[in-house]
Amino acid sequence: MFSMLNAVRNSMLAAIDFNPVLAPVLEVLNAILWPAIGLVGSIGMIYCIVLGIKVAKADEAGSREKAKKDLIGAIIGFVTIFVLIVALKIAMPILQDWVGTQITT
């Protein structure tokens, strides 16, 4: 019973052309990823410079420690976002091939 339902599902999916739906989505993602890398990098650099200045200007030990923690958190956050965007850019062709194989099988 399950194999018959699976065969019907596969034949229905094979008859549907998903390319008109997938192509614009993939184009938008590819168009957004490169500017996102530059934007995240530039905003991250500016924000880290501002936090570095805040660390340098801190008078009290408590405010200096808080500024250091903020700077470390910002660096970790921006590096994480940057790495994830680059990983998505690298994985896009792999995901596109995988989706293509899932649709045709």
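A nonpolar core here is a set of buried Ala, Val, Leu, Ile, Met, Phe, Trp, Tyr and Cys residues joined through side-chain atoms within 4.5 Å, where buried means under 20% relative accessible area, exposed over 50%, and partly exposed in between (1.4 Å probe, protein chains only). By that yardstick, the largest nonpolar core has seven residues: Leu26, Leu33, Ala36, Ile37, Val40, Ile85 and Met92. Helix 2 and helix 3 each put in at least two residues, with the largest share, five residues, coming from helix 2. A second, separate core of six residues includes Cys48, Val55, Leu71 and Ala74.

Some housekeeping. This is a predicted model, so local features need pLDDT of at least 70 and side-chain atom pairs count only at pLDDT 80 or more, while totals for chains, interfaces and linings use all residues. Residues are numbered from 1 along each chain as its sequence is written, and side-chain values use heavy atoms, with hydrogens and water left out.

Now the overall layout. The chain has three helices and zero strands, where helices (H or I, at least four residues) and strands (E, at least two) are DSSP runs numbered from the N terminus. Buried residues make up 16% of the 105 residues. With contact meaning heavy atoms within 4.5 Å, residues 24 or more positions apart account for 70% of the contacts with a separation of 6 or more.

Helix 2 has 39 residues and should span 57 Å at 1.5 Å a residue; its end C-alpha atoms are 56 Å apart, which agrees. The expected span is 1.5 Å times one less than the number of residues. Its buried residues include Gly44, Cys48 and Leu51.

Two residues show both ends of the story:

| Residue | Helix | Relative accessible area |
|---|---|---|
| Leucine 51 | helix 2 (residues 19-57) | 3%, buried |
| Phenylalanine 82 | helix 3 (residues 61-104) | 34%, partly exposed |

Leaving aside neighbours within four places in sequence, leucine 51 is in contact with Asp70, Leu71 and Ala74. Leucine 51 and aspartate 70 sit 19 residues apart in sequence, with 7.2 Å from C-alpha to C-alpha. With that same exclusion of neighbours within four places, isoleucine 85 is in contact with Leu33, Ala36, Ile37 and Val40.

As for phenylalanine 82, Ile75, Val79, Phe82 and Val83 make a nonpolar surface patch of about 330 Å².

Technical notes. Patches are made of residues with over 30% relative accessible area and no salt bridge: like charges are joined within 9 Å, nonpolar side chains (Val, Leu, Ile, Met, Phe, Trp, Tyr) within 5 Å. Accessible areas come from the Shrake-Rupley method with a 1.4 Å probe; for residues, only the protein chains shown count as cover. A salt bridge is a side-chain nitrogen of Lys or Arg within 4 Å of a carboxyl oxygen of Asp or Glu.
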